[in-house]
Amino acid sequence: MNNIMNYTKLELENELVQLGEKKFKATQIYEWIYKHRIFSFKEMSNISNKSIEVLEKNFQFDWIKIINVEEDKLTKKFLFELTDGEHIEAVLMYHDYGLSVCVSSQVGCNMHCAFCESGRFGKKRNLEAYEIVEQILLIEKYIGQKIDSIVMMGIGEPFDNFDNVVKFITIMNEPKGIGMGSRHITVSTCGIIPKIKEFGELPFQVNLAISLHAPNNDLRSKLMPINKVYNLSKLIDEIKAYITKTGRRITIEYVMLNAVNDSKECALELANLLKGLNAYVNLIPYNETNANDFEKSKSIDMFYDTLKKQGINVTVRREFGGKISAACGQLRSKYEGDLND
Ligand code: SAH
């Protein structure tokens with residue numbers, strides 16, 4: 001039986017029609033689940049007993065579970081157990097402008113970026129759309145508040161799970177449900193070019209962030225194996241095409257690694273690469289882990305100033321959750337590590 005939260009409203013309408021039910025029931029179900037947070041068909045009081053029977057026979061609510069929460073002042077980090085016993089994580093962040101959640105899109109990751117913990121165990125499987133939706137629903141329930149924005153920057157490569165990620169966004173967008181505006185959602189990719197193209201052709205205005213992390217092919221290939229498949233110059237061309245097609249500004253993420261990619265030369269090279277592009281650079285202070293020798297850059301200010309002087313829009317990401325292993329895959333791998341000891 002399929003989880004009812006694994007359907008976009010349109011899919012649910014089609015499914016219901018197949019079952020001999022009226023299309024509009026999809027709207028009612030959406031309102032019960034996402035507006036009123038009622039997770040039992042029996043409690044959906046405007047739906048007839050006969051229809052409830054059909055729903056119960058064909059759909060279910062199965063839940064991922066919160067099994068651990070680590071907290072500091074501005075962050076809460078949630079570890080979830082999936083119904084097959086796998087683990088993922090999500091991070092809630094309190095910003096001046098509201099609450100955001102960083103969700104996972106896969107169990108593990110196959111991209112194997114040298115500095116990133118998420119790929120240490122490879123990819124186990126993709127998440128279903130409902131498993132991403134439930135990260136949001138469970139966090140909202142836990143804190144008793146609504147989330148304002150979502151970033152897909154947790155475990156996994158969203159564009160390696162494209163269809164389920166698009167389905168998740170469609171479910172979040174649905175006005176009869178949560179109704180979160182596309183502009184409040186950001187998807188981050190390591191640069192899977194064909195999917196960037198496909199993403200640009202979708203009808204919604206979701207923000208796109210690209211993990212660049214290096215200003216030339218040599219260095220980028222060392223840090224990010226994906227660069228050997230989709231190299232930097234092709235990636236920049238695709239980004240240009242995306243900006244032209246969508247008219248949207250994109251974010252360039254650049255994780256600041258000590259004595260690796262943080263020199264003045266790197267900054268100048270990056271500025272040169274991005275000149276004239278409708279993009280802004282987000283410098284990410286590296287969150288150190290025991291699993292590798294990368295260190296946080298000591299030259300973030302210099303790097304920032306150099307980019308600024310070259311006319312590049314740049315910000316430094318506020319550091320969230322360093323103390324609670326909140327960076328990409330750290331909580332899960334800590335947990336899996338414990339299991340493997
Ligand atoms: N696969 C997607 C989303 C994953 S993570 C992507 O590559 O964009 C979101 C961002 O955090 C990526 O830019 C990733 O490179 C970066 N990141 C990974 N490990 C980190 C760490 N320990 N400290 C800081 N940033 C990290």
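How many residues lie between β3 and β4 in the hairpin that they form? There are 2 residues between these strands, where strands (E, at least two residues) and helices (H or I, at least four) are DSSP runs numbered from the N terminus.

This is a predicted model, in which local features need pLDDT of at least 70 and side-chain atom pairs count only at pLDDT 80 or more, while totals for chains, interfaces and linings use all residues. Residues are numbered from 1 along each chain as its sequence is written, and side-chain values use heavy atoms, with hydrogens and water left out.

**The sheet**

The hairpin belongs to an open sheet of 10 strands with mixed pairing, in the order β3-β4-β5-β6-β9-β10-β11-β12-β13-β14; two strands count as paired if DSSP finds at least two bridges between them. At the edges stand β3 (65–72) and β14, each of which pairs on one side only. From one strand to the next the twist averages 20°, with axes taken as lines fitted to C-alpha atoms, for helices over the stretch in contact, and angles running from 0 to 180 degrees between N-to-C directions. Four of the pairings are set out below.

| Strands | Sense | Bridges |
|---|---|---|
| β3 and β4 (residues 75–81) | antiparallel | 7 bridges |
| β11 (residues 207–211) and β12 | parallel | 3 bridges |
| β12 (residues 250–256) and β13 | parallel | 7 bridges |
| β13 and β14 (residues 313–316) | parallel | 4 bridges |

Individual residues help to locate these pairings: Asn68 stands opposite Leu79 in β4, and Ile210 stands opposite Ile252 in β12. Helix α8 packs on the sheet, where it touches β11 and β12, and its direction makes about 145° with that of β12; contact here means heavy atoms within 4.5 Å.

**Strand β13 and its neighbours**

Strand β13 (residues 279–285) is mostly covered, with 6 of its 7 residues buried, that is, under 20% relative accessible area with a 1.4 Å probe and protein chains only. On the β12 side, Ala279 of β13 is the bridge partner of Ile250. The chain passes from β12 through helix α9 (residues 264–274) to β13 in a right-handed β-α-β crossover, a term for a path that, with the strands pointing away from the viewer, runs clockwise from the first strand over the helix to the second. Towards β14, Leu283 stands opposite Val316, and β13, helix α10 (residues 300–309) and β14 likewise make a right-handed β-α-β unit.

**Helix packing**

Helix α1 (residues 9–18) packs against helix α2 (residues 25–35) at an angle of about 130°, with axes 8 Å apart. That angle makes α1 oblique to α2, since angles under 35 degrees count as roughly parallel, over 145 as roughly antiparallel, 65 to 115 as roughly perpendicular and the rest as oblique. In this contact, Lys9, Leu12, Glu13 and Leu16 of α1 meet Lys25, Ala26, Thr27, Ile29 and Tyr30 of α2.

Helix α2 is itself mostly covered, as 9 of its 11 residues are buried, among them Trp32, Ile33 and Tyr34. The cover over its buried residues includes α1, α3 (49–58), α4 (129–143) and α5 (162–173). Just after α2, Arg37 takes a positive phi of about 55°.

Helix α6 (residues 193–200) and helix α8 (residues 232–246) pack at an angle of about 0°, with their axes 10 Å apart, and these two helices are therefore roughly parallel to each other. Their contact involves residues including Ile193, Ile196 and Phe199 of α6, and Leu235, Glu238 and Tyr242 of α8.

Conventions
Buried < 20%, exposed > 50% of the residue type's maximum accessible area, 1.4 Å probe, protein only.
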